[in-house]
Structures are given as C-alpha cells and as structure tokens.
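Let's take a friendly walk through this model, starting at its surface and then moving inside. Have the structure open as you read.

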Amino acid sequence: MELQVRKIVRHVEELREENGIALERPHRIAYVAAIIKNPFGTDGYVEDLVSIADELGEKIGELVGPACVELLDDEVEVFGKAALVGIAGETEHGSALIHNLRFGNVFRQAAQGTELLPAAEKTGLIATPIDVPLKHKTDAKTRSHHQSFTLRIEDAPRPDEIVVACVAGNQGRPLQRLATFGAEAPVEIGQQ
C-alpha cells in the first residue's frame, strides 16, 4: 500500500524565561507531523486495521521520528506521539498507526529511548488541538519530566486525513520543583 502524504509540518519552540525567571538553558520542544490520507478509508468499518498499520508503520515512523530528533537539535530527554483523525475516520485508525512497534521503534531508536511512548489520539475537525503527553525517554516515572504539549495545524486534518506526529523535548518542565524520580520513595494509595 502506498503512503499518501499531503504535507509535513516541522515546528520547534524555545522557552527562555518562565514566570519572570531566566532559564539556565532554553527549554526546547519540537514536533514533526505528517498529514496523510487515511489508509483505512472513510467508506465504512474496516475489521483488519493491523495489517495496514504493520505495512505503513515503519514508513510513517521514518518520516517523522528521526526528523523530530534532528529538529530538536539537542539531546532528547522527553518524548511522545499523537494521531489526530479527520471526522470521516475513527480514532481507532490513528491508534492502529501509532500504537504499532514498527512506528514507535523508529522514533524510540532515533531518540535513544527505552520507555513506551506516551500517546494521544482522537478524532477532530480541521485545526483541532491535541494535547500530547511527554515523559522521560528512559524512566517514565521521572516526575520532573511529566508535561504535555499542544499541537495544532491550521489546515489539518481534513475529513479523510490523519495527522501523525512525534514530539520531543530537551528537558523536564521549566523550573520544576517536585521530586525528580517517582521511585525515590514508595507512594501509598491516596498520597498523590
């Protein structure tokens, strides 16, 4: 199956000050998103999503994963992924593409990560925002690195498209002051 890509979006933000305090080093977040034609179609229910996701997962991963790491232009500490499906498709279509090791492993390897990639997926109209969760690339329990990034593309997704994105950051939250590692002390239910 051929991957039909309408557009690639590359975006990087660099935060230098938070709450009036200059940061020791800029907090950088980058994303690369591919806007693709929904490979599952929009003409009705498709039972087998895995076969198509397996066929296209690595191609999509290679398109956005290494490019995101390169765009960040710093060592990746946090990462995440997202799929925003146009309204003629299903959220499950996006999930099939990004919750596929053939997709995720490409980004994980490029970022030198070992953890599962946190993800967001939903169906939406053109320019719908999606909040992408980000976690530490080698220890998802690192509380200082839990954050999210809002991704929004003005002309996507069209009803028959899916936005597939990889997001990477160079550090935890700006001015974080909470415990760094979740495993430092046992947490009893009700403490958080």
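A pocket here is an open set of grid points with protein on both sides within 12 Å along at least five of seven lines, and lining residues have an atom within 4 Å of a point. Please keep in mind that this is a predicted model.

**The largest pocket**

With that definition in hand, the largest pocket comes out with a volume of about 200 Å³. Its lining includes Leu23, Glu24 and Arg25, along with Glu77 and His145. The run Gln171, Gly172, Arg173, Pro174, Leu175 and Gln176 also lines the largest pocket. By residue class, the lining divides into three nonpolar, four polar and four charged residues.

**Helix H2 and His93**

Next, turn to helix H2, which spans residues 91–98 and holds His93. Is His93 buried or exposed? Its relative accessible area is 2%, and buried means under 20%, so His93 counts as buried.

Which residues does His93 touch, leaving aside its neighbours within four places in sequence? The contacts are Asn38, Phe40, Gly41, Leu49 and Ile162.

His93 has company in its helix: H2 is mostly covered, with six of its eight residues buried. Besides His93, the buried residues of H2 are Gly94, Ser95, Ala96, Leu97 and Ile98. As for their partners, the buried residues of H2 pack against two helices, H1 (50–72) and H3 (101–111). They also pack against strands E2 (21–37), E3 (78–86), E4 (119–124) and E7 (161–169).

**Aromatic pairs**

Finally, look for rings that lie side by side in your viewer. How many aromatic pairs are there? The count comes to two, and the table sets them out.

| Pair | Centre to centre | Angle between planes | Arrangement |
|---|---|---|---|
| Tyr31 and Phe149 | 6.0 Å | 55° | tilted |
| Phe79 and Phe107 | 5.7 Å | 45° | tilted |

Tyr31 sits in strand E2 and Phe149 in strand E6 (residues 147–151), so that pair links parts of the chain that are distant, 118 residues apart. Both Tyr31 and Phe149 are buried.

The rings of Phe79 and Phe107 are tilted because their planes stand at 45°, and the tilted class lies between the cut-offs of 30 and 60 degrees. This pair, too, links distant parts of the chain: Phe79 belongs to strand E3 and Phe107 to helix H3, 28 residues apart. Phe79 and Phe107 are both buried.

Strand E3 and helix H3, which hold these two rings, are also among the elements that the buried residues of H2 pack against.

Methods. Residues are numbered from 1 along each chain as its sequence is written. This is a predicted model: local features need pLDDT of at least 70, side-chain atom pairs count only at pLDDT 80 or more; totals for chains, interfaces and linings use all residues. Side-chain values use heavy atoms; hydrogens and water are left out. On a 1 Å grid over the protein atoms alone, a cavity is a set of points where a 1.4 Å probe fits but cannot get out, and a pocket is an open set with protein on both sides within 12 Å along at least five of seven lines; lining residues have an atom within 4 Å of a point. Grid points are joined across faces, edges and corners, and a volume is the space filled by probe spheres set on the points. Ala, Val, Leu, Ile, Met, Phe, Trp, Tyr, Cys and Pro count as nonpolar, Asp, Glu, Lys and Arg as charged, and the others, Gly among them, as polar. Helices (H or I, at least four residues) and strands (E, at least two) are DSSP runs, numbered from the N terminus. Buried means under 20% relative accessible area, exposed over 50%, partly exposed in between (1.4 Å probe, protein chains only). Contact means heavy atoms within 4.5 Å. Rings of Phe, Tyr and Trp (its six-membered ring) pair if their centres lie within 6.5 Å; planes under 30 degrees apart count as stacked, over 60 as edge-to-face and the rest as tilted.
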